[in-house]
Every structure is written in structure tokens, then in C-alpha cells.
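The exercises below each set a task and then work through its solution in steps. Please keep the sequence and the model in view while you read.

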Amino acid sequence: MASRLEDLGSEVTDHGGSLGRAETLFPGAPKPWLDLSTGISPYSYPLPDFPASAFERLPEEEALRDLADIAARAYGAPAGANVVAAPGTQILLPLVAACVPPGKAAVLSPTYAEHRRAAALAGHDVREVQDFTTLFDAELAILVNPNNPDGRVTNRADLLALAGHMRERGGLLVVDEAFMDVGPEAERLDGDVEAGGIVVLRSFGKFFGLAGLRLGFAITARPVAETLRARLGPWAVSGPALVAGRAALSDLEWQAEMRGKLMKRTAALDVLLAESGIATAGGTPLFRFLRTHKAESLFNALGRDGILVRNFSGDPHALRIGLPGDEDAFDRLSQSLRRWRHAD
């Protein structure tokens, strides 16, 4: 078993945001790097003033319950008791996968690679599948909605049918809604979890642009929520994360304004890409998904100019590009695309 766990550890896939990898690939690139390789918003929520106690004292249970209540209102969950806060959703993946006995797990792919690894760590026999209906054959069914990296959206009616099937067979549907803050609200499952058979994962850092804070949530039926809290143990969420999470999730006005801003910036990025002959093949307001036979050429050209985008070893014709945060970043990307287009 130990050797198997070591093997799984070595399978951690490179994700966006690795400037160390970028330095290795493009050692002569100009600095600073313009990192467009993630789906993290370039517009961070303004951090509140942190009381000294957030750093000096262990987090209080009352503050954790307050955060869960606020998150429930923000995400449309039935109640705070359905919400489990954690230091990022990454920590939750194997804990959630272990909520059902080891068996057949299916991950709707291509998608975020860590779901497959986490399910294997929990002892499941994991398959990556491309057909949604194949998920019905598993005891643990996993999908990302909207999907990363292509932005595919699975409709709520289909998900509820799958969740009902999972309940009947004692299985579990895991829906990673990391990008649902900018996705279609009508398709989210957060309000349906109390019926059972569902765990919804919510990322805090992506939409609020605070990935380093490490905060995420599992939203599920109360018995499963209690199990997850017990597995996390006390003080899982830091004092600063509790303070920032409560402030940001309560600020509905900022959230609405930010969604509008992201939509406008995404439209501007689509125009910029189109001017270079690149049609957007999918994505969300936090990233765009590109499919082109010139993907390798474009990745390398941008990299040499100090602009990192996300490429995929298993799909050489695909790229994901995040949003430039300001006009200087847009201009830098525009100039690099122009040089690539003329050199190609």
C-alpha cells in the first residue's frame, strides 16, 4: 500500500501558475512574468483589516459556524449545517471520495486531473470517461461544472437524475463547482444537497482572486457534512481565512459588479484573440479555452515573451488562457500575439 501511495504522489500533474516550470522552459524570457495560466481572477477582493486575534489565537468554533452560514446564503445551500469549510477544496477531494466504500469511480473527462488522483488515494478503481451516461455505472461519479478547461456545462436536470441514481445504489455524485461563481446559476446543485447522494465543492480563491488564502467548501447533506468535519479535525481553517471569507462572501454588491467586469474583460479578450485568427472554443468568464493546430507554436511564442498560458500534454492542440488584469497586460499580450502572427 505504501508504494502505491508513493506512486500516486508522484502523479501530481502540473497545473497552471507554476512560474518555476515557466523559468525552466523559457529561461531567457523577460520579467516579470505575465501569468495567464490559471483560472484565478486577476481582480482580488480587497482584504479587510485583520484583527491581531486572527493571527494570535486559534480560530473559534463560532467564527467557523458564522462563515458556514454566510457561505450557505452566498451559494444557495439549505443551511450552514450543510457547509463544511476547509483550507482549500484540494484538501477535501480524497476526504469526499472516501465517503463511499472503495469501488468503481468515474470522472467525466478531460477535466481537473486531481479528481482522478484523489479518488485513487481513497481506494477506488478510477476511470476517466467522456460520456455522461457512463457515470451511472460508478459508485463514485465526479464531474466539474462548468468544466475546467473547456467550460462545458452539464444541466441540473441531468445531474439530479444522476444524484437520484447514486442515492438508490448507495453511491455519491461529486460536482466540483469551482467556477460556478461565474457560471449559470440555474444549473448549480447547492440547494439540492439535503436529499443526499451529492457533494458540491466550491472554491473561494478563484472568483475572489485570493488563491493563496486557501479556503474552500463542501456542500452536502448534514450526515456527510458531519463526517467531513470530523475528518478535517479542529482549526482546519485559519483565522485570517475566516475573516476574509466572511467579508467577501457577504459582499453581494462587490460580487455582482465583479461578474459584470469579468464578462466585459472576457469579451475584450475574445476580440483580441480573434484579431490573431484564434477562435475561442469554450471557457468561462475567468478563462478561455482555445483549440488550434498552432497551439504549440503559440505557447512557445508567448512563453519567450514572458507570458505563461496553460498547455496540456495529453491534448497538444489545446490551450487555456486566463484574463489579463489591466490595460498594460492586455497590451503586452496584444504585442506578443502580433509578433507571433507575423512570424508564423
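**Exercise 1. Find the place of serine 276 and describe its surroundings.**

Step 1. Serine 276 sits in the loop between helix 11 (252-275) and strand 9 (280-284), where helices (H or I, at least four residues) and strands (E, at least two) are DSSP runs numbered from the N terminus. This is a predicted model, in which local features need pLDDT of at least 70 and side-chain atom pairs count only at pLDDT 80 or more, while totals for chains, interfaces and linings use all residues. Residues are numbered from 1 along each chain as its sequence is written, and side-chain values use heavy atoms, with hydrogens and water left out.

Step 2. Serine 276 counts as buried because its relative accessibility is 8%, given that buried means under 20% relative accessible area, exposed over 50%, and partly exposed in between (1.4 Å probe, protein chains only).

Step 3. Leaving aside neighbours within four places in sequence, serine 276 is in contact with Leu337, Trp340 and Arg341, contact meaning heavy atoms within 4.5 Å.

**Exercise 2. Determine how strand 5 is placed and which strands it joins.**

Step 1. Five of the five residues of strand 5 (residues 140-144) are buried, so this strand is largely enclosed by the rest of the structure. On one side lie Leu140, Ile142 and Val144, and on the other Ala141 and Leu143, all of them buried.

Step 2. Strand 3 (residues 104-108) runs parallel to strand 5 and is joined to it by three bridges, where two strands pair if DSSP finds at least two bridges between them. Alanine 105 has leucine 140 of strand 5 as its bridge partner.

Step 3. Strand 6 (residues 172-176) also runs parallel to strand 5, with five bridges between them, and in strand 6 leucine 173 stands opposite alanine 141.

**Exercise 3. Examine the salt bridge between glutamate 327 and arginine 265.**

Step 1. Side chains of opposite charge can pair when their charged atoms come close. In the salt bridge of glutamate 327 with arginine 265, the closest N and O atoms are 2.8 Å apart, and the term requires a side-chain nitrogen of Lys or Arg within 4 Å of a carboxyl oxygen of Asp or Glu.

Step 2. Glutamate 327 belongs to helix 13 (residues 327-343) and arginine 265 to helix 11, so the pair ties together parts that are 62 residues apart in sequence.

Step 3. Glutamate 327 counts as exposed at 53% relative accessibility, whereas arginine 265 is buried, with a relative accessible area of 16%.
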